[in-house]
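Hi everyone, thanks for coming. I'd like to walk you through one structure today, so please have a look at it while I talk.

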Amino acid sequence: MPLLSATHGPVTAEEGGGPRDLPHASWNAPWALWVTEEFRLITTDDGTPALQARARPGSFLPEVTIYPLDRGDVRPLQRVFDGLSPRSRQMRFLAATPYLNPEMAAQLADVDHETRGCWVAAIGGEPIGIGRYIRTAEDPTVAEVALEVVDACQGQGVGRLLLGVVGTAAADAGITSLLWLMDEDNRRVRRLAAPLGGRFTLECGVLEGTTALPSVAPLDAAQIVRCARAARRRAAARTAA
Ligand SMILES: CC(C)(COP(=O)(O)OP(=O)(O)OC[C@H]1O[C@@H](n2cnc3c(N)ncnc32)[C@H](O)[C@@H]1OP(=O)(O)O)[C@@H](O)C(=O)NCCC(=O)NCCS
């Protein structure tokens with residue numbers, strides 16, 4: 001079973017002519033990522049650091065806050081799941097997933113921000129997106145990545161924000177590559193993965209491939225790392241208690 005997905009067949013063989021690059025739009029100004037800061041570090045009511053994303057020009061979304069999930073906190077996961085249409089759930093879990101059962105919710109909330117990281121995007125305290133990574137058992141420097149944004153907020157840049165945060169937090173935990181499993185018709189996630197390079201194979205409608213981590217402006221990366229380390233300490237303290 002894929003680490004972050006509902007059941008579907010293994011994706012190892014090549015289909016239709018072997019591994020290939022994902023087609024993607026031109027990425028002709030990567031330096032732009034390095035000169036703009038996206039995040040402001042804030043402190044939440046319970047004293048934990050979080051990231052406030054700058055409002056995007058042209059977006060109808062108000063300011064988005066991104067924070068690491070607390071171990072065992074299933075509420076944001078359920079809220080985001082509830083905001084996904086059946087098609088989005090299919091895209092996320094690669095299988096029809098009508099509800100999040102308690103075992104699955106507990107498994108998804110079992111994070112330590114070391115082997116399993118999970119970040120929540122929220123607007124006004126209401127969770128609207130989740131980004132996560134899980135190290136693979138075969139190679140601890142590779143982590144499977146998964147993203148989900150409620151349908152009402154899709155296409156407004158939240159997925160890209162989450163990817164930058166998750167990728168940077170994963171890098172700080174020693175991960176060097178991201179493993180993607182995605183429906184071949186999932187144009188948004190393909191667009192997120194494609195600029196990161198890598199080769200993909202297709203089997204039974206599922207694209208699988210490993211890419212580099214996303215680039216994030218150094219000041220943003222520093223803020224993300226600060227939040228990630230605080231989350232790791234909190235998770236370790238909970239485990240020890
Ligand atoms: C995939 C998903 C996480 C992306 O999040 P999002 O907030 O909707 O995506 P963004 O707004 O950040 O857009 C991502 C990219 O897709 C592009 N995009 C947006 N709408 C698009 C559309 N209708 N068709 C093609 N590309 C589109 C954006 O332009 C952006 O690329 P860019 O930054 O190079 O311009 C979200 O759509 C989702 O939750 N889908 C259902 C679950 C899922 O598919 N999860 C992925 C499993 S790994």
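Let me start with the word "surround", as I'll use it for the ligand: a residue is near a molecule if its C-beta atom, placed from the backbone, lies within 6 Å of it. And please keep in mind throughout that this is a predicted model.

With that cut-off, how many residues surround the ligand? There are 21 of them, and the closest are Ser 88, Met 91, Gln 154, Gly 159 and Arg 160. For those of you thinking about chemistry, the shell divides into 8 nonpolar, 7 polar and 6 charged residues. Which elements supply at least two residues each? Those are α3, residues 86-93, then β6, α5 at 158-172, and α6 at 187-193. Of these, α6 gives the most to the shell, with 5 residues.

Now let's step back to the whole chain. The protein has 7 helices and 9 strands. Of its 241 residues, 38% are buried. If you take the contacts with a separation of 6 or more, 70% of them come from residues 24 or more positions apart.

On to the sheet. It is an open sheet of 9 strands with mixed pairing, and the order is β1-β2-β3-β4-β5-β6-β7-β9-β8. At the edges sit β1, residues 39-43, and β8, residues 199-203, each of which pairs on one side only. On average, neighbouring strands are turned by 25 degrees against each other, with direction ignored. Packing on this sheet is helix α7, residues 218-240, which touches β1, β2 (49-53) and β3 (65-68). The direction of α7 makes about 145 degrees with that of β2.

Let me zoom in on strand β5, residues 126-135. Here 9 of the 10 residues are buried, so β5 is largely enclosed by the rest of the structure. Who are its partners? On one side is β4, residues 116-123, which runs antiparallel to β5 and is joined to it by 8 bridges. If you want a spot to look at, Ala 121 stands opposite Gly 129 in β5. These two strands form a hairpin with 2 residues between them, and Gly 124 in the turn has a positive phi of about 55 degrees.

Strand β5 also pairs with β6, residues 142-149, again in the antiparallel sense and over 7 bridges. This is another hairpin, with 6 residues between the strands. Two places to check on screen: Gly 131 has Leu 147 in β6 as its bridge partner, and Ile 130 stands opposite Glu 148.

You've met β6 already, as one of the elements that supply the ligand shell. How many of its residues are buried? It's 6 of 8, so to speak a mostly covered strand. Beyond β5, the strand β6 pairs with β7 in the parallel sense over 3 bridges. There, Glu 144 stands opposite Leu 179 in β7. Strand β7, residues 177-183, in turn pairs with β9, residues 206-211, in the antiparallel sense over 6 bridges. In that pair, Leu 178 has Thr 211 as its bridge partner.

Next, a helix: α2, residues 75-82. Its buried residues include Pro 76, Leu 77, Val 80 and Phe 81. Why are they on the same side of α2? Because they cover an arc of only 135 degrees around the axis. As a reminder, an α-helix has 3.6 residues a turn, so residues three or four places apart point the same way. The buried residues of α2 pack against α4 (102-109), β4, β5 and β6.

Last, two backbone details that I think you'll enjoy. His 113 has a positive phi of about 60 degrees although it is not a glycine. It lies in the loop between α4 and β4. Is His 113 buried or exposed? With 27 C-beta neighbours inside 10 Å, His 113 counts as buried, since the cut-off for that is 20 or more.

The other one is Cys 204, with a phi near 50 degrees, also a positive value in a residue other than glycine. Cys 204 lies in the loop between β8 and β9. With 12 C-beta neighbours inside 10 Å, Cys 204 counts as exposed, as the limit there is 12 or fewer.

That's my tour. Thanks for listening!

Key: Residues numbered from 1 in each chain as written. Predicted model: local features only at pLDDT ≥ 70, side-chain atom pairs only at ≥ 80, totals over all residues. Helix = DSSP H or I, 4+ residues; strand = E, 2+ residues; numbered from the N terminus. Contact = placed C-beta atoms within 7 Å. Pairing = 2+ DSSP bridges. Nonpolar A, V, L, I, M, F, W, Y, C, P; charged D, E, K, R; others polar. Axes fitted to C-alpha atoms, helices over the stretch in contact; angles between N-to-C directions. Arc of directions from axis to C-beta.
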